[in-house]
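Trainee: Could you walk me through how to read a structure like this one? I'd like to learn by going feature by feature.

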Amino acid sequence: MTTTRQFGSDIPHLPTDEPYGKRDVPRGPAPLYLRALAGLLDIGIVAIPLVLGWYIVESLRDDNGGGQADRVVFGGAAVAIALGLALWNRGFREGNTGQSSGKGWVGLVTRDTHTQDAIGPKRSLQRVFRRSGTEVVRESTASDEGFTVREKDVSVAAIRRRRLVGLGVLVVLLGLVLLASVAVGARPLSFAEIFHALFDADGSQTDIIVRTLRGPRTALGLVVGMALGVAGALIQGHTRNPLADAGLLGLNAGAAFLVVLSMYLFGFSAPSEYLWFAFAGSFAASVIVFGLSSIGNGAASPLSLALAGAAVAFFLQAMTNAIIIVDQSSLDSYRFWVVGSVAGRGFDVLWQVLPFLVIGLILALVSTPGLNVLSLGEDVARSLGTNIAASRALGIVAITLLTGAATAACGPIAFIGLVVPHVARAITGPDYRWLVPYAGLLGGVMLVTADVIGRVVVRPGELQVGIVLAVFGAPFFIALVRRRKLASL
């Protein structure tokens with residue numbers, strides 16, 4: 001069911017008995033120059049990714065060290081982003097609210113000529129080629145004449161349809177990102193070489209690059225991104241804190257402390273050497289945090305979890321700093337690990353952490369019904385017969401396995417566990433049975449995409465994925481917070 005509300009209803013109007021005269025509301029279509037300006041602004045929004053994509057493709061010419069696959073990946077990404085922006089701006093936004101970005105900036109509204117309401121996404125897209133039955137007026141005119149915008153359809157059928165469509169789009173996007181990860185790198189490859197390495201390898205140089213370097217790196221990035229996304233959704237659900245991530249529960253600090261300790265005591269420097277120390281550190285930190293939060297009332301509440309996690313994290317960070325200050329070699333090894341990267345990790349690292357990641361994902365999916373009940377409040381959950389301690393313990397175990405294994409393999413990678421659950425929640429709503437799988441897919445897409453970008457921006461060198469996520473993740477999260485209020489958990 002589609003509902004409507006009156007456009008501009010929250011804007012105070014001048015009283016009808018104004019002694020000094022009446023408002024002068026313009027009537028009829030908007031002036032041509034305003035419509036032209038709005039059109040130029042809308043075209044500019046679509047043109048920005050196309051122009052950037054063209055410059056990137058030009059910089060990836062063969063004589064600059066680029067390759068066919070590099071140009072196709074970044075050119076195709078630019079076109080896809082431009083089409084997505086056009087569909088959202090001129091279709092869904094203008095169709096539902098009457099204003100595209102350009103029309104919103106200049107104060108114009110598109111409406112139906114007869115009903116004087118929003119025209120809907122389908123007619124808005126058709127309006128690019130056929131404008132009969134619609135008109136563009138000033139915002140003040142539309143408000144005065146009772147223009148109404150379309151509210152989001154919140155029926156069960158519409159929500160299910162939106163979730164399924166979004167899931168299909170995410171799966172396709174994930175497939176394209178994985179292909180880009182295999183195709184893009186310091187050594188330019190053609191698509192023929194890539195498919196030869198994947199399906200008919202004979203030991204050539206390109207086969208070795210794809211199978212022993214980019215393949216393991218892509219697979220590890222996928223599973224680690226999925227683990228961090230799911231863990232972030234669980235952490236925010238159990239702590240009821242929309243700004244929570246693995247750092248809040250002290251898991252990253254525990255892994256960092258034991259990694260530095262292993263470097264200091266045993267001289268470890270390779271990921272495969274300190275892998276188990278990182279995992280043990282995350283596990284020990286989670287046990288301590290859960291134990292401290294349960295002292296007193298016998299059950300870990302969201303507030304006690306957050307406070308205990310912050311206290312343990314600060315203490316472990318102080319211990320880590322104490323070690324790296326007194327030992328230069330530990331500092332040199334630690335500063336590369338702490339940034340977070342999937343480079344230099346092979347299948348040996350993936351096979352060691354994969355069982356823990358798989359078990360953690362299974363436990364996360366199993367815990368989603370209980371987390372839905374806990375989101376209603378502990379009193380309601382208890383009245384419905386939910387064992388709160390068991391549900392929270394199951395969630396903590398899943399979080400520990402996922403975050404510990406991911407941090408052990410690639411170092412502490414920020415922003416995925418923080419940003420991804422909010423993006424997933426905007427699509428799926430608060431149902432954790434959908435939110436957790438969405439967060440996993442979005443986390444995989446986000447990490448692998450950041451890794452691909454890091455290989456290109458400082459070519460022939462590369463940026464660690466943790467740096468790329470910080471550079472792009474912080475503005476994205478700020479924009480997300482400004483666009484919509486963080487959901488109450």
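Trainee: Let's start with contacts. Which residues does Thr218 touch, not counting residues up to four places away in sequence?

Mentor: Keep in mind that this is a predicted model. Leaving out those sequence neighbours, Thr218 touches Leu178, Ser181, Val182, Val448 and Arg455. Thr218 itself is found in helix 8.

Trainee: And is Thr218 buried or exposed?

Mentor: The cut-off for buried is under 20% relative accessible area. Thr218 has a relative accessible area of 7%, so Thr218 is buried.

Trainee: How do I put contacts into a picture of the whole chain?

Mentor: Look at how far apart in sequence the partners are. Take the contacts in the chain between residues at least 6 apart in sequence: 76% of them join residues at least 24 apart. As for burial, 46% of the 489 residues of the chain count as buried.

Trainee: How many helices and strands are there in the chain?

Mentor: The chain has 18 helices and 4 strands. Its C-alpha trace spans about 85 × 65 × 40 Å along the principal axes. The accessible surface of the chain is about 23,600 Å², and carbon and sulfur atoms account for 67% of that.

Trainee: Now pockets. What is the volume of the second largest pocket?

Mentor: About 290 Å³ for the second largest pocket. It is lined by 17 residues, and those closest to its centre are Ala186, Leu213, Arg214, Arg217 and Glu462.

Trainee: Which element gives the largest share of that lining?

Mentor: Helix 8, residues 205-239, with 5 residues of the lining of the second largest pocket. That's the helix where we found Thr218. For the chemistry, sort the lining residues into classes: 6 are nonpolar, 5 polar and 6 charged.

Trainee: On to aromatic rings. What do I look at in a pair?

Mentor: Two things: the distance of the ring centres and the angle of the planes describe a pair of aromatic rings. The count here comes to 11 aromatic pairs. One of them is Trp276 with Phe279, an edge-to-face pair at 6.5 Å centre to centre with 80° between the planes.

Trainee: Where do Trp276 and Phe279 lie?

Mentor: Both lie in helix 10, residues 271-294. They are 3 residues apart, which is about one turn of the helix. Their exposure is worth checking too: Trp276 is partly exposed at 43% relative accessibility, whereas Phe279 is buried, with a relative accessible area of 12%.

Trainee: What about the pair of Phe279 and Phe356?

Mentor: Their ring centres are 4.5 Å apart, and the pair counts as tilted because the planes meet at 40°. Now check where each partner sits. Phe279 is in helix 10 and Phe356 in helix 13 (residues 347-374), so this pair ties together parts that are 77 residues apart in sequence. Phe356 is partly exposed, with a relative accessible area of 23%.

Trainee: Which residues form one aromatic cluster?

Mentor: Phe266, Phe268 and Phe277 do.

Trainee: One last thing. How do I read a C-alpha separation, say for Ser294 and Ala308?

Mentor: Set the distance in space beside the spacing in sequence. Ser294 and Ala308 are 14 residues apart along the chain, and their C-alpha atoms are separated by 9.5 Å. Ser294 lies in helix 10, and at 19% relative accessibility Ser294 counts as buried, because the cut-off is under 20%.

Note on methods:
Residues numbered from 1 in each chain as written. Predicted model: local features only at pLDDT ≥ 70, side-chain atom pairs only at ≥ 80, totals over all residues. Heavy atoms only, no water. 1 Å grid on protein atoms, 1.4 Å probe; cavity = no way out; pocket = protein on both sides within 12 Å on 5 of 7 lines; lining within 4 Å. Points joined across faces, edges and corners; volume = space filled by probe spheres on them. Helix = DSSP H or I, 4+ residues; strand = E, 2+ residues; numbered from the N terminus. Nonpolar A, V, L, I, M, F, W, Y, C, P; charged D, E, K, R; others polar. Phe/Tyr/Trp six-rings, centres within 6.5 Å; stacked < 30°, edge-to-face > 60°. Buried < 20%, exposed > 50% of the residue type's maximum accessible area, 1.4 Å probe, protein only. Contact = heavy atoms within 4.5 Å. Areas by Shrake-Rupley, 256 points an atom, 1.4 Å probe, with all protein chains shown as cover.
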